[in-house]
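Grab a pencil and open the viewer. These short exercises are about salt bridges, and each one comes with a worked solution.

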Amino acid sequence: MSAPFEFEMDLRWSDQDAQGHVNNARIVTLAEEARIRFLAFLVSRGEDSGEGGNVVVARQEIDYHAETRYAPSITLLVSVVRIGTKSYTLRQQGIQDGRAVFTVDSIVVRTDGSGSSRALTEDERAVLEAWTLRE
């Protein structure tokens, strides 16, 4: 395993605005799709049992680097950029024509059965560490 997790995703006709750009609100949806696919990938590999409570987004920050154009597909990258006590930050990045068009940093928190945040386990931290972006 190594950062980043990468996959190609088809864009939908409804993702674009009248100018042929991917609508800025759809960038949040693309980041969500990337984050969910990454977390589902970890579960499918047995790296995360998926039973450690819910995963919720506590904060997101978006940088728009260039126009994201409507095209048949976009490459999405996901990596871990920070691991804290109760949260971690996932970076979701969109790539078109070999360059980053947007970066979304999402602070993700694990919750227990009651909805309260909880500390990450050592196993969870080890899995996240394996996907940490080395800059």
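**Exercise 1: A pair to start with**

In this predicted model, the side chains of aspartate 15 and arginine 26 form a salt bridge, with N and O 3.9 Å apart. Work out which parts of the chain this pair ties together.

*Solution.* Step one: find aspartate 15, which lies in the loop between β1 (5-10) and α1 (24-44). Step two: find arginine 26, which lies in helix α1. Step three: put these together; the two sit in different places, so the pair ties together parts that are eleven residues apart in sequence.

**Exercise 2: Buried or exposed?**

Decide whether aspartate 15 is buried or exposed, then do the same check for arginine 26.

*Solution.* Start with the cut-offs: under 20% relative accessible area is buried, over 50% is exposed, and in between is partly exposed. Aspartate 15 has 1%, so it's buried. Arginine 26 has 26%, so call that one partly exposed.

**Exercise 3: Two more pairs**

Classify the partners in the salt bridges of glutamate 61 with arginine 59 and of arginine 69 with glutamate 67.

*Solution.* Take the first pair, whose closest N and O atoms are 3.3 Å apart. Glutamate 61 is at 40% and arginine 59 at 47%, so both land in the partly exposed range. In the second pair, the N to O distance is 3.6 Å. Arginine 69, at 36%, is partly exposed, and so is glutamate 67, at 47%.

**Exercise 4: Join the dots**

Which residues do salt bridges with shared partners join into one network?

*Solution.* Follow the shared partners and you get Arg12, Asp15 and Arg26. For the whole model, the count comes to nine salt bridges.

How values were computed: Residues numbered from 1 in each chain as written. Predicted model: local features only at pLDDT ≥ 70, side-chain atom pairs only at ≥ 80, totals over all residues. Heavy atoms only, no water. Salt bridge = Lys/Arg side-chain N within 4 Å of Asp/Glu carboxyl O. Helix = DSSP H or I, 4+ residues; strand = E, 2+ residues; numbered from the N terminus. Buried < 20%, exposed > 50% of the residue type's maximum accessible area, 1.4 Å probe, protein only.
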